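Here is a short, friendly briefing to read alongside the model. Take a look at the structure first, then follow the notes below.

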Amino acid sequence: MIYSVIVDISASEVDRIFDYEGQGYTVGSRVLVNFANRQTEGYIVEEKLTTDCPPEKLKSILRPLDDYPVISQELLQLGAFMRKEYHLKWVDVLRLFIPAEMRGNRVKELVKKQAVLTTENLDEILSSLKPNATKQRDLVTFLHANGATLCEKLNNQFGNSALKALVEKGFVEVHQITVKRTPYKGLAQADQPKHDLVPAQQNAIDTILGNRQGKFLLHGVTGSGKTEVYLTIIEKLVAEGKSCIMLVPEISLTPNMLRQLRNRFGDNVALLHSGLSVGERFDEWLRLKNGEAQIAIGARSAVFAPLDNIGAIIIDEEHDGSYISDFNPRYNTIEVATERAKQNGALLVLGSATPSLASFYQAKRGNLQLISMPERINKHPLPTVEIVDMAMERRMGNKDIFSNTLKDRLTETLQKGNQAMLFLNRRGYSSFMMCTKCGYVAKCTDCDVSLTVHREDNMLKCHYCGKRYYILDTCPQCKQKSFRMGKIGTQQIVEQLNKLFPDVKVLRMDADTTQSKESHGKILEAFGKGEAQILVGTQMIAKGHDFPKVTLVGVLDGDQSLYHDDYLACERTFQLITQVAGRSGRDKEKGTVVLQTYTPTHYCLQFSAKQDYLGFYKHEINLREASSFPPFSEIVRILYQGEKEKDCIDQLTAQYAHLCNLKEQHPTAFFYMDKMRSPLKRAEKKFRFQILIKLDKLQLDDILPQIYQICDQKTKNSVHIFVERNPQNLS
Ligand code: ADP
Ligand code: ZN
């Protein structure tokens with residue numbers, strides 16, 4: 001038999017299939033082959049009877065690497081789709097489907113030794129042991145009471161020699177067992193009762209389950225009870241023997257959703273995300289692969305969960321930017337999930353309080369079935385939003401980051417024993433450090449980024465590459481010692497709150513306080529238990545969390561993301577503010593939101609203050625149409641990165657010329673095309689240039705492959721070329 005193999009070499013620029021000979025292999029298996037005089041791992045993607053490879057050159061597969069095919073036929077089919085759609089290399093796609101450390105055999109099942117008594121008759125054993133062999137006597141008594149126990153535990157408790165002696169005497173046997181490594185083992189169980197469904201939930205569930213291959217957009221305001229809809233759908237499908245995938249945006253959300261899933265489904269749930277330890281990730285993957293767990297939950301990569309017979313793929317907070325992978329391999333999780341649902345004849349459910357414009361537009365056009373849940377559970381009112389004009393505040397003499405309104409509301413909230421969340425999407429102490437004499441701003445030596453001041457360890461940090469520098473003492477340019485600080489970050493907010501409310505406990509959640517694996521969960525749990533009254537955080541605190549005692553949310557800088565030079569800026573800001581606002585007043589007491597801004601009349605802020613998604617959608621979609629931005633066009637960015645500036649420019653210039661030819665041949669397909677330096681001019685020592693193209697969607701299938709082809713014609717090896725479709729981030 002002939003097998004087509006993708007060789008697992010990343011450096012290779014070639015995306016080629018090589019034929020090998022062998023017997024009895026299954027497509028989707030990992031195998032060892034000889035390639036370029038080296039033993040290399042590879043994946044079988046096809047089997048066939050003939051090959052173009054001349055017989056004298058045809059080599060044999062050396063051996064299989066696992067005793068089961070690691071990639072299913074169905075995932076291979078999904079891989080073929082992604083490869084074509086996103087112009088990816090086979091090897092990069094295939095690597096998404098297995099735990100990274102399986103390659104090179106860097107992870108295995110954890111095997112441990114376990115001891116059991118050879119007879120249940122304790123008295124018989126005890127009477128044969130010497131009375132002074134206390135350790136041995138204690139050990140057998142323990143085993144009799146507790147049953148099979150790990151040897152390491154027994155050795156700890158009774159010393160190594162006791163167990164050894166008992167094994168020699170034949171009273172105890174030792175077996176090997178595999179031990180599963182379970183992530184978030186200690187996650188506290190919440191005693192959440194199963195609610196009686198409200199009519200809106202029942203209606204959503206009936207509609208969704210009424211069309212088992214349907215594609216749905218569940219638009220439910222914050223606190224409308226979408227989670228219960230997801231759980232009920234999963235419950236129903238699992239009972240029918242189907243498996244399910246549930247995606248959540250980022251690590252911070254996982255513990256909460258995981259807890260709810262485990263509460264209901266116990267060990268039938270497996271978690272897949274990059275924050276787990278190597279062993280945990282492998283074991284969870286294997287449990288799904290073996291059918292020991294039918295429900296996969298995780299961030300975007302869980303869309304590749306090794307499940308068969310999928311009944312539903314659910315994507316919560318579907319508007320979230322983290323569903324678009326913006327590094328190689330680049331892909332759009334919603335598109336991939338749509339394809340995978342189609343392959344499985346499964347349901348696709350996208351849920352959000354603020355659907356992406358792209359998804360809502362698809363719903364309007366009938367490509368997704370729209371289900372609305374316009375009210376909060378038990379008709380709890382949505383919070384009142386007070387917009388505070390910070391320009392006015394400054395004119396009145398208040399130079400603080402907190403407006404007087406926010407201070408008043410904070411005081412009231414704390415007096416009532418309630419909790420508050422303050423949102424500022426800027427971590428660190430302040431955004432830059434500038435010399436007041438000469439205007440020098442400290443920048444990263446590797447990136448075109450000013451350095452953020454961090455007070456805790458008194459360092460300057462690059463938020464792009466993470467590089468650290470000593471804080472400035474004298475200006476390196478003019479040798480003066482007087483500095484001005486940039487915009488306030490979360491660290492400084494906490495410092496100011498401690499001054500304003502000395503007796504109040506404040507927690508902070510941002511990338512700096514959540515570096516360890518389970519710290520997200522710990523901070524949220526502490527806040528949930530009322531160990532602190534105020535939680536300050538970046539966008540990590542914006543989504544999903546459900547804290548009944550939070551009655552005040554403060555958005556400290558509502559303009560922050562509004563004026564990015566990016567067509568997504570308004571959509572993002574609307575989503576973010578609506579989401580944070582949605583954290584307020586989720587229980588009986590009505591919530592308040594204080595939204596601080598310098599542009600109080602901006603339509604985006606006005607609509608988010610009213611939590612008026614439809615109003616915002618209509619306004620924004622008209623703007624997009626008038627300016628032919630997505631979803632009315634497709635943006636393609638070709639990014640050139642390299643340490644040699646001239647090579648980047650040469651490579652870009654050469655390809656730009658080809659693209660201009662293409663544009664001349666298809667003038668109506670190109671709405672726009674230009675070349676430029678990227679807004680982030682340099683990152684991690686690499687210069688960055690780009691070509692931006694806006695294409696007619698209707699001609700995409702014809703033009704895109706030709707653009708890809710031009711980008712493949714690389715003449716400068718030092719330059720990395722990335723083609724991105726509708727990138728989330730244009731920096
Ligand atoms: P969403 O995801 O739509 O923002 P959640 O699913 O977090 O909303 O639900 C909001 C709150 O309402 C949660 O505390 C949840 O336990 C509660 N809840 C959900 N469904 C019901 C119900 N049918 N009856 C009472 N409470 C409910
Ligand atoms: Zn840097």
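Let's start at the metal site: the arrangement around the zinc ion (ligand 2) is tetrahedral because its four donor atoms subtend angles of 103 to 112°. Four donors count as tetrahedral if all angles lie between 85 and 135 degrees. This is a predicted model, in which local features need pLDDT of at least 70 and side-chain atom pairs count only at pLDDT 80 or more. Residues are numbered from 1 along each chain as its sequence is written, and side-chain values use heavy atoms, without hydrogens and water.

**Zinc site**
- Cys444 (SG), Cys447 (SG), Cys462 (SG) and Cys465 (SG) are the protein donors, lying 2.3 to 2.4 Å from the zinc ion (ligand 2); donors are N, O and S atoms within 2.8 Å of the metal (3.2 Å for Na, K and Ca).
- The spacing of these donor residues in sequence is C-x2-C-x14-C-x2-C.
- Cys444 is buried at a relative accessible area of 6%, and Cys447 is buried at 2%; buried means under 20% relative accessible area, with a 1.4 Å probe and protein chains only.

**Nonpolar cores**
- The largest nonpolar core has 100 residues, and Ile71, Met82, Leu94 and Leu535 have the most contacts inside it; such a core joins buried Ala, Val, Leu, Ile, Met, Phe, Trp, Tyr and Cys residues through side-chain atoms within 4.5 Å.
- A second, separate core of 33 residues includes Ala204, Tyr230, Ile234 and Leu261.

**Domains**
- The domain assignment, from an automatic or database source, gives domain 1 (2–70), domain 2 (199–373), domain 3 (384–430 + 487–624) and domain 4 (634–725).
- Domain 2 and domain 4 have C-alpha centres 34 Å apart.

Terms used. Chains lettered and ligands numbered in written order. Buried < 20%, exposed > 50% of the residue type's maximum accessible area, 1.4 Å probe, protein only. Tetrahedral: all angles 85-135°; square planar, octahedral: opposite > 155°, others 65-115°.
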